[in-house]
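Please examine the structure below before reading on. The paragraphs that follow move from a single residue to the chain as a whole.

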Amino acid sequence: MAKRNYKMKQGSARRAAKSWSKGGAYRDVDDEFVPARAVPIKPRSKDLRQPDRDDALDAPEGRVVDSSGRAWIVELAADDGTATYYECTPSRTIVTAEEGATLVAVGDKVSIRPDDDPVESDRLPTAIIAKVHPRISRLSRKTAGRYDEEHVIASNVDQLVVLASVGSPWYNKRLIDRYLVAAHRGELDPILVVNKVDLVAEEDLELIVEDLIGYEDSLGLPLLFVSQLEGIGLEELREALAGHTSVFSGPSGVGKSSLINKLLGRDIQETRFINQRTNKGMHTTTFSRMFRLPDGGFVVDTPGIREFGVWDVTRAELPLCFPDLSEVAEGCRFNSCSHTHEPDCAVKAAVEAEELDPERYVSYLQIFESLPE
Ligand SMILES: Nc1nc2c(ncn2[C@@H]2O[C@H](COP(=O)(O)OP(=O)(O)O)[C@@H](O)[C@H]2O)c(=O)[nH]1
Ligand SMILES: [Mg+2]
Ligand SMILES: [Zn+2]
């Protein structure tokens with residue numbers, strides 16, 4: 001389990017709710033449709049992945065900062081603080097320890113072999129990705145659709161910003177709890193950020209804080225209420241992100257890209273790299289991209305997801321991904337209690353006694369059902 005190295009800010013959510021100023025009328029938002037299609041990224045033949053071979057040793061090492069599912073941008077950082085960017089494709093004989101997972105993901109450390117062809121001034125130099133270095137941490141989900149594969153949304157990040165909003169769309173605790181399982185599984189420290197507080201009246205916001213405060217009180221999660229639009233809570237968010245590499249995830253329309261714009265002080269929708277060769281939309285919100293924060297640290301913007309299937313957790317492991325639940329579970333009659341049908345289940349008793357949040361238990365049951373027996 002990942003170390004909790006963030007500063008606990010008890011009561012910060014309540015303070016944010018109080019400091020919120022009145023006046024935000026409901027605004028129409030263009031809740032753009034982002035397909036949940038996760039492209040399973042494979043070399044032409046899976047057999048060509050090579051876990052051991054290491055002739056990529058001399059190749060320069062960089063980090064994937066941009067993924068379109070077809071091409072990847074790799075940043076090579078020089079000692080003097082400058083960086084060179086390459087447009088890359090994976091080698092057919094790529095070296096990677098990963099099987100059945102996204103081949104190259106944003107955040108991956110990779111070794112690349114720059115191509116020899118002369119660089120044209122109006123496009124990035126090209127290179128081949130020879131090796132993907134082992135992933136230290138990851139945000140993964142079950143690939144949507146017909147593929148039973150791991151979709152790596154971002155790798156080698158240390159913090160997961162679970163972004164939700166209070167209207168257009170409304171937050172969904174089932175989804176939040178799925179993210180927390182993924183954070184636990186992927187060795188990430190989660191923080192819960194609730195955006196668009198300008199959309200609700202003050203008294204409603206108090207109810208919302210009441211509804212979500214358990215994440216801070218029982219789970220020790222940093223919980224921040226912000227409004228990108230009105231600039232509320234952004235200082236606290238900056239503080240929580242400084243020095244970390246954080247992936248922003250959440251449904252389409254919660255404000256991931258606009259918040260990142262605010263944090264960077266520029267418009268990330270603008271094309272960062274011009275892809276003259278394919279002339280395809282390399283840089284719409286359907287892709288993940290990593291940015292350097294002005295105060296140190298990095299953030300990853302990701303496409304909106306519509307489904308978040310928990311990846312690589314067994315039914316037996318699931319209670320461990322619910323620390324509040326597993327704490328109570330010590331009192332169950334059976335060690336192997338699944339907390340679903342067994343007699344003398346301390347978890348069910350705690351839910352009935354309202355010592356454990358019934359909603360967390362609902363999430364547990366729902367994820368439990370979604371996992372293979
Ligand atoms: N009212 C309100 N709207 C916001 C706020 N933040 C973002 N939005 C709007 O929400 C919509 C979706 O934002 P976007 O950043 O594209 O969301 P993403 O899909 O999560 O990247 C846009 O129309 C934004 O203007 C906010 O704090 N308050
Ligand atoms: Mg976006
Ligand atoms: Zn039990």
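**From one strand to the whole chain**

Ile-112 lies in strand β4, which spans residues 109–114. The model discussed here is a predicted one. Is Ile-112 buried or exposed? Ile-112 counts as buried because 24 C-beta neighbours lie inside 10 Å, and the cut-off for a buried residue is 20 or more. Several stretches of the sequence supply its contacts: leaving aside residues up to four places away in sequence, Ile-112 touches Ala-59, Pro-60, Gly-62, Val-74, Tyr-86, Cys-88, Ala-127, Ile-128, Ile-129 and Ala-130. Ile-112 may also be compared with Pro-90: the two are 22 residues apart in sequence, and their C-alpha atoms are 8.9 Å apart in space.

The chain as a whole may now be considered. It has 373 residues, of which 44% are buried, and its secondary structure comprises eight helices and 13 strands. Among contacts with a separation of 6 or more, 71% join residues that are 24 or more positions apart.

In soluble globular proteins, nonpolar side chains tend to be buried together. In this model, the largest nonpolar core contains 90 residues, and Val-193 and Val-347 have the most contacts inside it. Helix α2, residues 173–185, contributes the largest share of this core, namely seven residues. What does Val-347 touch, if residues up to four places away in sequence are not counted? Its partners are Leu-325, Val-328, Ala-329, Cys-332, His-339, Leu-356 and Tyr-361.

Helix α2 also meets another helix. The axes of α2 and α8, the latter formed by residues 358–370, come within 9 Å and cross at roughly 70°. This angle makes α2 roughly perpendicular to α8, because angles of 65 to 115 degrees count as such. The crossing is right-handed. On the α2 side, the residues that take part are Lys-173, Arg-174, Asp-177, Arg-178 and Val-181; in α8 they meet Glu-359, Arg-360, Ser-363, Gln-366 and Ile-367.

Helix α4, residues 234–241, shows how buried residues can be arranged around a helix axis. Leu-237, Ala-240 and Leu-241 are buried in α4. They cover an arc of only 95° around the axis, and therefore lie on the same side of α4. The buried residues of α4 pack against four strands: β9 (189–195), β10 (223–225), β11 (245–249) and β13 (298–301). After α4 comes Gly-243, which has a positive phi near 80°.

The backbone of the loops also deserves attention. In the loop between β8 (159–165) and α2 lies Pro-169, and the peptide bond that leads to Pro-169 from Ser-168 is cis, with omega near -5°. Ser-168 is placed in the loop between β8 and α2 as well. Its phi is near 50°, a positive value in a residue other than glycine. Ser-168 is partly exposed because 16 other C-beta atoms lie within 10 Å.

Asp-344, in the loop between α6 (323–328) and α7 (346–352), likewise is not a glycine and has a positive phi, of about 50°. Is Asp-344 buried or exposed? With 11 C-beta neighbours inside 10 Å, Asp-344 counts as exposed, because the cut-off for an exposed residue is 12 or fewer.

Conventions
Residues are numbered from 1 along each chain as its sequence is written. Chains are lettered from A and ligands numbered from 1 in the order in which they are written. A nonpolar core is a set of buried Ala, Val, Leu, Ile, Met, Phe, Trp, Tyr and Cys residues joined through C-beta atoms within 7 Å. Helices (H or I, at least four residues) and strands (E, at least two) are DSSP runs, numbered from the N terminus. Two residues are in contact if their C-beta atoms, placed from the backbone, lie within 7 Å. The arc is that of the directions from the helix axis to the C-beta atoms. Axes are lines fitted to C-alpha atoms, for helices over the stretch in contact, and angles run from 0 to 180 degrees between N-to-C directions. Angles under 35 degrees count as roughly parallel, over 145 as roughly antiparallel, 65 to 115 as roughly perpendicular and the rest as oblique. A crossing is left-handed if the near helix is turned anticlockwise from the far one by less than a right angle, and right-handed if clockwise.
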